[in-house]
Amino acid sequence: MRSARTGVAVLFNSLEFFFFLPVVLGLYYALRHRAQNRALLAASYVFYGWWDVRFLFLIVASTAIDYLCGLMIGRGQLQRRQGWLPFAWVLAAAIGCVALQWQGIRFVEAFPYVAADDFWNFTWKGWGLPLATAVLGLVALGVCHAAARVPEATRKKLFLIVSIAANLGILAVFKYCNFFLENVETAVRSLGGNVEALRLDIVLPVGISFYTFQTMSYTIDIYRGTLKPTDRFLDFALFVAFFPQLVAGPIERASNLLPRILAPRRLHFDAMTRGVFLITFGLFKKVAIADGLARYVDGVYGASAGVSGADVALATMLFAFQIYCDFSGYSDIARGVAKLMGIDLIRNFNLPYFSRSPSEFWQRWHISLSGWLRDYLYIPLGGNRGGGLLTYRNLLLTMVLGGLWHGAAWNFVLWGLYQGGLLCAFRGLASLAPESNLAARHLTAKYVTARPQPATLVFLLQVASFFALTCYGWLLFRATSFEQIVQYTTLLFTDTVPWMLTARPSLHTLAALALLIGTEIIEYRAGTVRFVQNVPIPIRGFAYASILFLITIGLCNEPTQFIYFQF
Amino acid sequence: MNPRNSSTSSSSGASGSDTRIRDTAWVLVWTVLSLATLDLGVGLAFPRHDLQGSASFFNRGLSNEGKLRTALSAPAGESPLLLDYGWIGAWDDLPTRAVGAKRLLVASYGMSFSHRVSERLPELDPNIELRLVGGPGAPLNHAFACYQEDRARHEADVVILGVLASSLPMLRSMNQLTWAEIPAIYTYPRYRVDEGELVAIKPVVSTLDELRSAAHDPDMWHKFVEQMRNHDGYFSELSFSESALDHSIVGRVLRRAWGQRHSRNTNAQAYQAGTFDPESETVRVARAILSQFADTARADGRLPIVVLFDNTSLDDLDQALSALLESEEIPFVSSHEIAPATDPSNFLPDRHFTPDVDKRLAAAVLELIRAHLPGRRTDVRRGN
């Protein structure tokens with residue numbers, strides 16, 4: 001099934017998802033555990049394939065590779081079925097998703113969708129990929145059987161390398177290849193060489209950075225001995241492709257999500273109401289706030305000239321809220337949808353703009369990624385065990401690679417370097433102050449605790465000043481080129497001209513933002529997300545009605561793709 | 001001896017669960033009541049028929065049929081929609097030839113962008129007389145239909161056709177009711193390319209009087225709506241027809257969101273990979289229109305000039321149409337070379353070009369006139 005609009009993912013705030021979710025949930029509630037998992041797997045493949053069915057092959061291949069590697073690392077050998085099922089699965093994907101193309105449905109109107117005139121027209125693109133897949137698959141199975149005789153330590157290391165190389169290889173080809181080629185081209189030209197444009201026509205698969213990191217964590221945890229491999233291939237495939245978190249996280253650890261998939265789920269009323277609330281609140285953040293701010297932010301960052309320092313400052317600050325609402329909104333919807341199925345996903349954001357230091361920020365912002373970088377990059381590099389300089393090196397390297405994870409562009413590298421620089425600077429400042437100094441303890445805080453900090457003037461100044469530092473990082477992140485970074489930084493610090501752009505975010509968007517900030521202040525002071533249960537029911541009802549009303553109004557904003565889809 | 005506690009953990013758990021279900025039910029009730037109150041309150045605060053003032057945000061989601069009937073039934077001068085402008089053929093008292101000191105009559109067809117540029121021409125060359133024909137927000141098919149209707153009515157030396165990037169996809173429509181939230185209600189033909197020929201589907205209602213009559217004639221109204229349903233690419237039953245949604249603020253906003261989504265999806269059919277799709281019906285019809293415009297203008301002994309207003313991106317319109325204009329040697333001005341849309345300082349708050357940009361575009365048009373009509377050159381006063 002190919003969409004005539006390839007390149008458009010199913011958004012959580014789209015009409016397609018509005019129909020997709022009830023169908024999936026209805027099927028889910030009607031089935032038992034194993035059948036639920038099969039139905040979810042099919043739904044996840046439909047969800048991802050809606051964007052471009054060809055890239056389902058990539059996910060399936062990545063799934064099969066890590067499933068086999070996990071078994072070889074953890075158990076050292078394959079049972080017969082353990083090898084042939086993934087092989088058949090990948091081969092079927094090569095044939096069904098890539099080699100065989102079917103223009104069954106054409107989306108010619110917004111709604112309803114209509115069948116194409118050439119409904120039964122199948123196109124065969126050739127035997128190349130299926131044959132290559134079959135050959136490579138057989139070779140892989142042969143290697144696995146032969147490797148059973150290899151000493152355990154060597155075998156474990158070998159298959160860990162295979163898993164990491166395969167995942168990073170996929171990333172390198174689909175995400176970083178053109179970035180690398182462009183830089184080679186630039187370097188050759190700067191040396192006086194003459195080279196034709198080296199860019200390849202490669203489409204960046206949606207969610208590739210998320211699912212490759214997720215599957216890598218599986219094999220690494222098995223290697224470390226903290227996780228046992230699963231021999232249920234289709235359940236493992238669901239762990240990789242679980243649609244609520246497939247394309248924009250949270251990046252789940254196998255130790256958290258896999259057991260929940262492997263075991264029967266129980267649905268609790270509390271969890272389901274919480275799920276509905278998370279979905280609603282996530283939509284509120286995305287539709288009413290993020291999409292409403294996008295137009296103004298895009299207007300400033302899309303301009304080639306004619307903006308002032310005040311415009312840059314305002315747009316950057318609003319971008320800070322746009323990206324937060326966009327990304328945390330998506331995460332909330334993902335968690336809410338998963339809760340409706342009795343599955344708990346990791347909380348990915350914990351009031352990040354209340355942070356007063358970079359270490360606190362990274363315990364509150366994109367928690368799943370920062371945890372992944374800490375456990376699989378920072379600590380293996382040595383963490384803070386090697387003393388001052390080595391710690392700074394590890395921090396910088398981790399954050400630069402974290403920046404690069406976001407995208408193949410120098411502004412993301414700069415952003416990572418900036419974040420690493422902040423971490424180093426705060427660490428350095430703390431090391432200069434006495435141990436007993438509260439400020440020192442704060443600067444190196446590992447202290448995201450349930451207890452909120454008192455709203456003193458010092459606290460407010462700390463939050464405001466760190467927010468300003470964070471916003472400058474967002475300028476680096478959002479800028480469309482290095483030249484724009486230089487230009488807008490200069491404007492920010494030297495331009496005294498007031499607003500030049502007359503377009504502003506709408507009143508209802510700003511009202512929604514004010515409501516969100518007020519809610520988060522209350523949540524922060526209460527120290528728990530469950531604070532709403534202490535609010536009188538009529539007031540709660542009015543608040544929910546306001547949220548729904550603002551969502552309805554926000555539907556008039558032009559929908560933008562979730563920012564993290566591009567990563 | 002203490003009596004046994006008759007409550008068991010299971011029964012306290014069950015009552016706890018019952019409490020939560022009851023509380024949730026009450027929250028739902030209060031949410032629905034609050035939403036209904038908000039709907040009613042906002043509806044009372046913002047009058048339903050105010051389409052231009054502070055209530056316009058909520059009332060833009062009224063049905064198109066509802067907006068139209070409201071506009072037609074309003075007292076003269078109080079209609080919330082533009083009724084009198086843009087009807088094809090309904091223009092009087094326009095210059096038909098250059099008279100007196102004027103040496104050149106320039107007839108300009110299009111929308112506000114092209115008229116704002118054309119109005120600068122006499123400032124740059126006082127020998128130019130203007131004949132401006134068009135409509136507010138008029139797409140290319142309206143401008144071309146006006147040109148065709150006007151051909152025999154004047155003796156202009158130069159004819160200018162304006163093409164606006166943001167309204168190019170709308171040449172698949174037959175009036176603004178189907179795509180504009182605050183529409184002017186004039187109608188215009190839809191053009192199609194049939195076996196290489198440009199074919200017009202003329203509107204069944206083509207004057208304001210006919211529209212007023214149709215509002216009271218169910219058969220005529222049915223034909224009017226049916227033609228839009230069959231031939232207007234932007235028509236949506238949900239957005240057009242009056243229904244209970246008109247009586248609720250939430251309903252209107254939802255319909256507005258739906259209408260915007262529908263328009264965006266319809267617009268998108270003219271695009272491919274972020275720019276105009278050369279194979280789309282929109283671009284093929286636009287090219288056919290420009291070609292016929294130039295052919296007929298030359299047959300009438302007039303100089304055709306096309307002005308491309310790239311107001312949404314850098315040069316999408318230029319990329320889609322300039323190859324044809326160059327191959328058929330049709331003089332044209334492309335705004336992206338003078339005022340790129342990526343520079344916000346080129347625009348006023350209402351998204352028109354600034355007067356300075358209008359003047360620079362007019363100077364470029366004047367250069368073309370002087371280059372192609374050298375025999376008609378006069379002492380011209382160059383603008384700054």
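**Salt bridges, a helix crossing and a surface patch**

Visitor: Is A:Arg347 buried, partly exposed or exposed?
Guide: In this predicted model, A:Arg347 has a relative accessible area of 28%. Buried means under 20% and exposed means over 50%, with partly exposed in between. A:Arg347 is therefore partly exposed.

Visitor: With which residue does A:Arg347 meet in a salt bridge?
Guide: The closest approach, N to O, is 3.0 Å, and the partner is A:Glu523. A:Arg347 sits in the loop between H12 and helix H13 (358-364) of chain A, while its partner belongs to helix H20 (residues 507-526), so the pair ties together parts that are 176 residues apart in sequence. The partner is buried, at 11% relative accessible area. The residue asked for is A:Glu523.

Visitor: How many residues apart in sequence are the parts tied together by A:Asp332 and A:Lys285?
Guide: The side chains of A:Asp332 and A:Lys285 form a salt bridge of 2.8 Å, N to O. A:Asp332 is in helix H12 and A:Lys285 in helix H11 (residues 269-301), both of chain A, so the bridge joins parts separated by 47 residues. Both side-chain partners, A:Asp332 and A:Lys285, are buried. The separation is 47 residues.

Visitor: How are H12(A) and H18(A) oriented to each other?
Guide: Helix H12 (residues 309-339) and helix H18 (residues 457-478) of chain A pack with their axes 9 Å apart and at an angle of about 90 degrees. The contact includes A:Phe319 and A:Phe321 of H12(A), and A:Phe467 and A:Trp474 of H18(A). Angles from 65 to 115 degrees count as roughly perpendicular. H12(A) and H18(A) are therefore roughly perpendicular.

Visitor: Which residue of chain B forms a salt bridge with B:Glu281?
Guide: The closest N and O atoms of this pair are 3.8 Å apart, under the limit of 4 Å. B:Glu281 lies in helix H11 (residues 281-299) of chain B and its partner in the loop between strand E3 (158-164) and strand E4 (190-194), so parts 109 residues apart in sequence are tied together. B:Glu281 is partly exposed at 23%, whereas the partner is buried at 11%. That partner is B:Arg172.

Visitor: Which residues are linked with B:Arg172 in a network of salt bridges?
Guide: A search over all chains finds 36 salt bridges. In the network that holds B:Arg172, the other members are B:Arg190, B:Arg192 and B:Glu281.

Visitor: What accessible area do the residues of the nonpolar surface patch have together?
Guide: The patch consists of A:Leu100, A:Phe122, A:Trp124, A:Trp127 and A:Leu131. A:Leu131 is in helix H5 (residues 128-147) of chain A and counts as exposed at 53% relative accessibility. Together the patch residues have about 520 Å².

Methods
Residues numbered from 1 in each chain as written. Chains lettered and ligands numbered in written order. Predicted model: local features only at pLDDT ≥ 70, side-chain atom pairs only at ≥ 80, totals over all residues. Heavy atoms only, no water. Patch = residues over 30% accessible without salt bridge, like charges linked within 9 Å, V, L, I, M, F, W, Y side chains within 5 Å. Areas by Shrake-Rupley, 256 points an atom, 1.4 Å probe, with all protein chains shown as cover. Helix = DSSP H or I, 4+ residues; strand = E, 2+ residues; numbered from the N terminus. Buried < 20%, exposed > 50% of the residue type's maximum accessible area, 1.4 Å probe, protein only. Axes fitted to C-alpha atoms, helices over the stretch in contact; angles between N-to-C directions. Parallel < 35°, antiparallel > 145°, perpendicular 65-115°, else oblique. Contact = heavy atoms within 4.5 Å.
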